[in-house]
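Got the viewer open? Here's a short walk through the model, one selection at a time.

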Amino acid sequence: MFVFDTYQYFLHRYLHQNKFLYKHLHSKHHRLVVSYPFGAIYSHPIEGLLFDIIGGTMAIYISGMSPLTSAFFSSFCNMKSVDDHCGLMLPWNPFHIFFTNNTAYHDLHHQLYGGKYNFSQPFFSIWDKILGTYMPYSLEKREEGGFKLRPLKEFKN
């Protein structure tokens with residue numbers, strides 16, 4: 001998980017900082033301001049290759065996972081990514097219990113002001129916190145139901 005998170009953080013941040021790569025690869029994924037489950041795989045094919053195939057293979061190879069463990073790990077990563085993009089904060093969701101990088105965390109990144117924050121994915125938020133790209137947030141209950149995501153600090157354009 002640490003290897004995969006590290007690779008994904010630095011690749012994800014680089015795709016945002018490099019204007020050419022953002023425009024031609026990653027911007028397709030960010031056309032989704034409101035997350036939904038299929039948004040996890042809504043990306044340019046080259047971006048999918050870079051994130052999922054190369055990143056996953058690197059994590060499996062470096063950690064020395066068995067074929068059975070790698071199948072479980074790959075499935076778990078896909079489920080976590082779909083959950084991160086589902087747009088629902090359900091109180092009993094085990095992903096939200098065990099990981100601080102959750103649906104709300106990634107939703108904030110997809111907001112128009114969030115593109116320079118919360119690059120960490122899919123499990124931990126450690127790299128954002130260490131490297132100053134973490135944007136804290138709160139979830140405020142709406143009268144009509146659901147929650148409103150609110151950043152807790154000013155953001156830079």
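We'll start with the overall fold, then stop at a tyrosine and finish with the cysteines.

**The whole chain**

Keep in mind that you're looking at a predicted model. Switch to cartoon and colour by secondary structure: you should find seven helices and two strands. Trace the chain from the N terminus and the order reads α-α-α-α-α-α-α-β-β. The radius of gyration is 15 Å, close to the 15 Å that the globule rule gives for 157 residues, so the protein is as compact as a globular protein of that length. Want a box around it? Along the principal axes, the C-alpha atoms fill roughly 50 × 40 × 30 Å.

Now turn on the surface. About 9,200 Å² is accessible, and carbon and sulfur atoms account for 66% of that. On the inside, 41% of the 157 residues count as buried. If you draw contacts with a separation of 6 or more, 49% of them join residues 24 or more positions apart.

Next, colour the charges. There are 14 positive side chains and 11 negative ones. The centres of those two sets sit 8 Å apart.

**Tyr 134**

Select Tyr 134 and zoom in. You'll land in the loop between α7 (126–131) and β1 (137–141). Is Tyr 134 buried, exposed or partly exposed? Its relative accessible area is 26%, so Tyr 134 comes out as partly exposed.

Show the neighbours as sticks. Leaving out residues up to four places away in sequence, Tyr 134 touches two other tyrosines, Tyr 105 and Tyr 117, along with Asn 118, Asp 128, Lys 129 and Lys 153. While you're here, put a distance on Ser 120: C-alpha to C-alpha, Ser 120 and Tyr 134 are 8.7 Å apart, with their positions 14 residues apart in sequence.

**The cysteines**

Last stop: select Cys 77 and Cys 86. How many disulfides does a search of the whole structure find? Zero. Why no bond for Cys 77? The closest cysteine sulfur belongs to Cys 86 and is 17 Å from the sulfur of Cys 77, which is too far for a bond. Looked at from the other end, Cys 86 is in no disulfide either, with the sulfur of Cys 77 as its nearest cysteine sulfur.

Before you leave, check the surface around this pair. Cys 77 has 8% relative accessibility and counts as buried. Cys 86 is also buried, at 19%, and the cut-off for buried is under 20%.

Methods: Residues numbered from 1 in each chain as written. Predicted model: local features only at pLDDT ≥ 70, side-chain atom pairs only at ≥ 80, totals over all residues. Heavy atoms only, no water. Helix = DSSP H or I, 4+ residues; strand = E, 2+ residues; numbered from the N terminus. Rg over C-alpha atoms; globule rule 2.2 N^0.38 Å. Buried < 20%, exposed > 50% of the residue type's maximum accessible area, 1.4 Å probe, protein only. Contact = heavy atoms within 4.5 Å. Areas by Shrake-Rupley, 256 points an atom, 1.4 Å probe, with all protein chains shown as cover. Lys, Arg positive; Asp, Glu negative; His and termini not counted. Charge placed at Lys NZ, Arg CZ, Asp CG, Glu CD. Disulfide = S-S within 2.5 Å.
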